[in-house]
Amino acid sequence: MTLNTYIYKGDFCVMSMHLFFEFLNAAVGTMAFALLFQVPKQYYVNCGIIGGCGWLCYKLLLSGCGLFASTFFAHVIVVFLSRLSAVFRHCPVTVFLIAGIFPLVPGAGIYWTAYYVVTDQLAKASARGFLTLKIAVAIVLCILFTAACSLNDKPDTASLGLSV
């Protein structure tokens with residue numbers, strides 16, 4: 001069910017519980033991926049919270065913003081929380097970022113694109129592949145834009161050949 005369906009029915013409690021369980025599922029899935037990715041144990045909870053928050057943002061924005069925008073803004077949340085956790089936990093941001101984007105990666109889209117190509121349904125393959133490509137572009141743009149807005153206020157002018 002979509003978010004609008006719950007709001008129109010007036011079942012705020014049902015919507016809240018549904019979103020809470022989706023948050024928990026995303027958090028547990030992210031922690032499981034962190035385990036497979038050999039993230040140190042002390043970071044599992046941070047990874048789970050980041051992945052769950054990203055999924056929750058995605059689900060809340062999906063009905064109002066569309067697929068591309070909700071994916072972009074959910075990844076903004078994931079990148080921001082990953083950078084925050086990296087600063088506070090004194091470790092590389094990739095520990096949290098790679099595990100945190102796990103619930104939002106379009107794995108099913110890639111699978112269905114390949115399936116439609118193999119079964120010679122090229123119209124469906126191109127439609128699904130283009131949708132998956134748009135999601136992947138949203139992920140890449142988000143990571144690039146938020147990396148450009150770094151927590152470091154001073155740019156490295158020496159590497160650019162500039163002198164201050």
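# Exercises on a seven-helix chain

Val137 is partly exposed, because its relative accessible area is 37% and that class lies between buried (under 20%) and exposed (over 50%), judged with a 1.4 Å probe on protein chains only. This is a predicted model, where local features need pLDDT of at least 70, side-chain atom pairs count only at pLDDT 80 or more, and totals for chains, interfaces and linings use all residues. Residues are numbered from 1 along each chain as its sequence is written, and side-chain values use heavy atoms, with hydrogens and water left out.

## Exercise 1: the whole chain

Describe the helices, strands and burial of the chain.

Solution.
- Step 1. Count the elements: the chain has 7 helices and 0 strands. Helices (H or I, at least four residues) and strands (E, at least two) are DSSP runs, numbered from the N terminus.
- Step 2. Read along the sequence: the pattern is α-α-α-α-α-α-α.
- Step 3. Check burial: 31% of the 164 residues count as buried.
- Step 4. Turn to contacts (heavy atoms within 4.5 Å). Take those between residues at least 6 apart in sequence: 61% join residues at least 24 apart.

## Exercise 2: two helix lengths

Compare the expected span of α3 with the distance between its end C-alpha atoms, then repeat for α7.

Solution.
- Step 1. Use the rule: the expected span is 1.5 Å times one less than the number of residues.
- Step 2. For α3, 22 residues should span 32 Å; the end C-alpha atoms are 30 Å apart, so the two agree.
- Step 3. For α7, 27 residues should span 39 Å; the end C-alpha atoms are 38 Å apart, so these agree too.
- Step 4. Look just past α3: Gly66 follows, with a positive phi near 100 degrees.

## Exercise 3: inside α7

Find the buried residues of α7 and the helices they pack against.

Solution.
- Step 1. List the buried residues: Ala125, Thr132, Ile135, Ala138, Ile139, Cys142 and Thr146.
- Step 2. Find their partners: they pack against α4 and α6.
- Step 3. Place Val137: this residue also lies in α7. Its C-alpha atom is 8.9 Å from that of Phe72, 65 residues apart along the chain.

## Exercise 4: the nonpolar core

Which residues of the largest nonpolar core touch the most other members?

Solution.
- Step 1. Define the set: a nonpolar core joins buried Ala, Val, Leu, Ile, Met, Phe, Trp, Tyr and Cys residues through side-chain atoms within 4.5 Å.
- Step 2. Pick the best-connected of its 22 residues: Ala34, Val39, Tyr43, Cys47, Val78, Val95 and Phe96.
- Step 3. Name the suppliers: α3, α4, α5 (94-100) and α7 each give at least two residues.
- Step 4. Follow Tyr43: leaving aside neighbours within four places in sequence, Tyr43 contacts Arg89, Cys91, Val95 and Phe96.
- Step 5. Recall the general trend: in soluble globular proteins, nonpolar side chains tend to be buried together.

## Exercise 5: a helix α2 residue

Is Phe21 buried or partly exposed?

Solution.
- Step 1. Locate Phe21: helix α2 (residues 12-36) holds it.
- Step 2. Read its relative accessibility: at 46%, Phe21 counts as partly exposed.
- Step 3. Relate Phe21 to Gly52: they are 31 residues apart along the chain, and their C-alpha atoms are separated by 9.9 Å.
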